[in-house]
Amino acid sequence: MTPALGCIADDYTGASDLANTLTRAGLRTVQTIGVPADDLALPEVDAVVVSLKSRSIEAGLAVTRSREADKWLRGRGAAHVLFKICSTFDSTDTGNIGPVMDALREDCGETIVLVTPAFPETGRTVYQGNLFVSSVPLNESPLKDHPLNPMHDSNLVRVLSRQSTTKVGLVDLATVSKGADAVRVRLADLAGGGFGAAIVDAVFDRDLETIGVVAAGHRLSVGASGMGLGLARALVASGKFAPNASTADVGTPVGGPAACLAGSCSQATLQQIRNSERAMPVLHLHPERVVMGKDEAQRALAWARQHLANGPILIASSSRPDEVAALQARHGREAAGHAIEQTMADIAEALVHFGVRRLVVAGGETSGAVVDRLKIPGFLVGPEIAAGVPVLRAVGAADDMLLALKSGNFGGPEFFSDALALMR
Ligand code: ADP
């Protein structure tokens, strides 16, 4: 397997978003959880997204982990590596975007790196090097108050210059709008002047396409899912991949019993649970009992054993905001959340032991706990169930499984049935 495109994402949900974007653009994509073991057997794919949690950790550690991921991807033959960052350029003056970019650039011997967090379809645009979040500059957006990475400067040339040891230049929109050759000429000028990176303006998808064509000729780029979209479109246009062949399926059906787990308490998930009661048996866990010990999980598993043979089931810990607040007041927010997540992971592990091979999980943290517990090293990304929520096939795991992992507010009112309909 030789993926044309390797990606290193600095957080898990950003990695999923990118993997989904690449798949929609026509690349067959695997997302791995962390740097995979050397012997991980991958299916034939065009792109691999290695998910790290390196956005807000100490810069030196982020560099080490990113270098390991880069080595693994290049070792598998990836000609281009995209370092995937947040589309709001989440970082501080000490990193981690600049230090990781510098290290990866040194390792691959790239002269100048194209950098843009632009992703117009989600309102992220870059003009004269300034990042806009919808209609306002970054430093006037809610990101100015981010708890970990408050963003007080919208000028990314300045922001990245403070983090990087190389000089950072600008490829402006006027140049991008003239096309790939004009961008190449500007980059060559900058490289000649000793610049090792350039923020590239992009306001429309067509700008991303121009950037993607140029970036595909380099060994390294830095950007958000928009950069991924540009690169994917350039790779598909190069004729090496059959467009959209990737999204057709996730391989042969796995069959076997199916189950849904809901740990999200979002409005959307609460409605989806209510609607699913028409389609499958639903067990509502007693959250207080979950926090107090293991008996509630045992009750759920005994119930699951009775129903699994007859069709899909749903087990939910979710409750209304006032009930969540009351539980948190009694036990503390973190302790309550952690206890429930771990119980959901216990239940998922036991369900797989009972033979479940199709699993839908609602809730970002809940999904993370379940995937970690099932020790799934990666996923082949399949068709979209709802915007941003694809069917996933486990790769390199002990059991051949299909999963759908949904963060709280995603999906339509019949999400659980919609997911199971695509998971055969
Ligand atoms: P979302 O994607 O909606 O944010 P998450 O799974 O990320 O969902 O977060 C939901 C959090 O709420 C988890 O930590 C989960 O364990 C916790 N939780 C689930 N059910 C309850 C409940 N009934 N009361 C309090 N916390 C809950």
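This dialogue goes through the domains, the ligand site and some local features of a predicted model.

Reader: Where does the domain assignment place the two domains along the chain?

Author: A domain assignment divides a chain into stretches. Here domain 1 covers 5–237 and domain 2 covers 258–422. Taken over C-alpha atoms, the centres of domain 1 and domain 2 are 32 Å apart.

Reader: How many residues of each domain are in contact with the other, and how much area do the two bury between them?

Author: The contact list and the buried area are read together. On the contact list, 15 residues of domain 1 meet 13 residues of domain 2. The area buried between the two domains is about 1,100 Å², with 63% of it on carbon and sulfur atoms. On the domain 1 side, N20, Q31 and I33 lose the most area to domain 2, and together they make up 40% of what that side buries.

Reader: How many salt bridges and polar contacts are there between domain 1 and domain 2?

Author: A salt bridge is counted when a side-chain nitrogen of Lys or Arg is within 4 Å of a carboxyl oxygen of Asp or Glu. Between domain 1 and domain 2 the count is 1 salt bridge. E384 and R24 form a salt bridge in which the closest N and O atoms are 3.8 Å apart. Polar contacts between the two domains come to 4 residue pairs, with both residues at pLDDT 80 or more.

Reader: Which elements give two or more residues to the side of domain 1 that touches domain 2?

Author: They are α1 (12–24) and β2 (29–33). Of the elements on this side, β2 gives the most, with 5 residues. By residue class, the side of domain 1 that touches domain 2 has 8 nonpolar, 5 polar and 2 charged residues.

Reader: Which residues are closest to the ligand?

Author: A ligand site is read first as a list of surrounding residues, then through individual atom pairs. The ligand is surrounded by 17 residues, and the closest are S264, S319, E341, E365 and T366. Three atom pairs can be inspected in turn. For S264, a polar side-chain atom lies 2.7 Å from an oxygen atom of the ligand. For G337, a polar backbone atom is 2.9 Å from a ligand oxygen. G364 likewise has a polar backbone atom 2.8 Å from an oxygen atom of the ligand.

Reader: What does the salt bridge between R55 and D11 tie together?

Author: The count of salt bridges comes to 24. One is formed by R55 and D11, whose closest N and O atoms are 3.2 Å apart. R55 is in the loop between β3 (47–51) and α2 (59–75), while D11 is in the loop between β1 (5–9) and α1, so the pair ties together parts that are 44 residues apart in sequence.

Reader: Which residues does the cis peptide bond join, and which residue has a positive phi although it is not a glycine?

Author: Backbone angles are read residue by residue. The cis peptide bond joins G95 and N96, with omega about 5°. N96 is placed in the loop between β4 (80–84) and α3 (97–108). The residue with the positive phi is F89, at about 55°, and F89 is not a glycine. F89 is also in the loop between β4 and α3.

Conventions:
Residues are numbered from 1 along each chain as its sequence is written. This is a predicted model: local features need pLDDT of at least 70, side-chain atom pairs count only at pLDDT 80 or more; totals for chains, interfaces and linings use all residues. Side-chain values use heavy atoms; hydrogens and water are left out. Domain bounds come from an automatic or database domain assignment. Contact means heavy atoms within 4.5 Å. Buried area is the accessible area (1.4 Å probe) that two parts lose on being put together, summed over both. A polar contact is a pair of N or O atoms within 3.5 Å; within protein, one must be able to donate a hydrogen and the other to accept it, and residues adjacent in sequence count only if both atoms are side-chain atoms. Helices (H or I, at least four residues) and strands (E, at least two) are DSSP runs, numbered from the N terminus. Ala, Val, Leu, Ile, Met, Phe, Trp, Tyr, Cys and Pro count as nonpolar, Asp, Glu, Lys and Arg as charged, and the others, Gly among them, as polar. A residue is near a molecule or strand if one of its heavy atoms lies within 4 Å of it.
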